[in-house]
Amino acid sequence: MSLRDSENMWVLGGFLGAVALIAALTLAWVSGLTAQPIQAAKEQNRNKMLRHLQLPEFDRVGKDVVIDGIDFCAVYKNDKLTGFVGQGSNRQGYAGEIEAMVGIGIDGKITTVQILRHKETPGLGANVCDRKFQRSVTNLTEKAPEIPENKFLDQFNGLETDTAGIWKISKDGGNIEYRTGATVSSRAITALVDDISKIFAANREKIQEASK
């Protein structure tokens with residue numbers, strides 16, 4: 001290799017290094033500009049979902065507490081505890097992972113179950129996951145409810161978390177009625193809600209203290 005070729009390689013290497021440095025600094029700058037808006041959007045979306053859990057009114061969400069893979073937090077109104085939220089996922093859905101959020105009152109009873117994410121089959125497994133207001137000739141003029149009913153999910157409303165650990169669909173000997181054509185999805189959601197509730201009941205004081 002000639003001296004000239006060696007010099008050219010050093011120049012090219014220095015140029016590429018400078019380009020890489022500029023690119024890295026630009027990405028860091030853009031990331032810094034967008035991080036706060038992205039985080040704010042996530043918080044806004046999460047708070048919207050929390051308000052769909054039919055918890056008593058709240059104005060503050062406590063710190064997240066992760067126990068056995070389940071994310072818990074407490075909610076407060078004027079610094080007074082008003083309820084809890086548990087969020088987790090189950091990979092045993094018919095089409096894969098199902099993620100849910102469960103509202104729990106200070107009396108330990110479930111307020112509402114919301115499915116955050118799923119890939120279940122439309123018209124089958126999706127029927128036990130989605131809350132959609134169905135228009136018909138009898139309700140054309142009605143305003144869509146903020147939290148549409150779902151007969152499967154609404155079975156959990158009012159259940160005491162202290163009794164969790166044995167909740168199953170009726171096909172497996174339990175008292176949760178599953179949807180025909182969506183047995184696997186029904187089973188996965190029931191197991192997930194049971195798991196969240198069981199872990200909450202066993203760790204309520206820890207969650208309440210750590211989430212302040």
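Author: On a 1 Å grid over the protein atoms alone, a pocket is an open set of points where a 1.4 Å probe fits, with protein on both sides within 12 Å along at least five of seven lines; lining residues have an atom within 4 Å of a point. The model is predicted, so to speak of a local feature takes pLDDT of at least 70 and a side-chain atom pair pLDDT 80 or more, while totals for chains, interfaces and linings use all residues. Residues are numbered from 1 along each chain as its sequence is written, and side-chain values rest on heavy atoms, without hydrogens or water.

Reader: Thanks! Which class has 6 residues in the lining of the largest pocket?
Author: Happy to start there. The lining includes Asp130, Arg131, Lys132, Glu149, Lys151 and Arg179, alongside residues such as Pro122, Ala126, Asn127 and Gln134. Here Asp, Glu, Lys and Arg count as charged, Ala and Pro are among the nonpolar types, and Gly is among the polar ones. With 2 nonpolar and 4 polar residues in the lining, the class with 6 is charged.

Reader: In what order do the elements of the chain run from the N terminus?
Author: The elements are DSSP runs, helices (H or I) of at least four residues and strands (E) of at least two, numbered from the N terminus. The chain has 2 helices and 6 strands. From the N terminus on, their order is α-β-β-β-β-β-β-α.

Reader: What share of the 212 residues is buried?
Author: Buried means under 20% relative accessible area, exposed over 50% and partly exposed in between, with a 1.4 Å probe and protein chains only. Of the 212 residues in the chain, the buried share is 36%.

Reader: Which element gives the most to the largest nonpolar core?
Author: Such a core joins buried Ala, Val, Leu, Ile, Met, Phe, Trp, Tyr and Cys residues through side-chain atoms within 4.5 Å. The largest has 32 residues, and Phe72, Val113, Ile115, Phe156, Ile189 and Val193 have the most contacts inside it. Two or more residues each come from β2 (65-67), β3 (70-77), β4, β5 (96-105), β6 (110-117) and α2 (183-210). The element that gives the most, with 8 residues, is α2.

Reader: How many residues are in the second, separate core?
Author: Met49, Leu53, Leu55 and Val85 are among its members. The residue count of this second core is 9.

Reader: Is Gly83 buried or exposed?
Author: Gly83 sits in strand β4 (residues 80-93). Contact means heavy atoms within 4.5 Å, and beyond four places in sequence Gly83 touches Leu55, Ala74, Val75, Ile104, Gly105 and Ile106. Because its relative accessibility is 0%, Gly83 counts as buried.

Reader: What is the relative accessibility of Asn90?
Author: Asn90 also has its place in strand β4. Leaving aside neighbours within four places in sequence, Asn90 is in contact with Gly96, Glu97, Ile98, Ala188, Ala191 and Leu192. Asn90 counts as buried because its relative accessibility is 13%.

Reader: How far apart in space are Val65 and Ile207, C-alpha to C-alpha?
Author: Val65 lies in strand β2, and it is buried, with a relative accessible area of 8%. Apart from neighbours within four places, Val65 contacts Ile70, Asp71, Phe72, Ile207, Ala210 and Ser211. Val65 and Ile207 are 142 residues apart in sequence, but their C-alpha separation is 6.4 Å.

Reader: Among contacts between residues at least 6 apart in sequence, what share joins residues at least 24 apart?
Author: This share is taken over contacts in the chain between residues at least 6 apart in sequence. The part that joins residues at least 24 apart is 50%.
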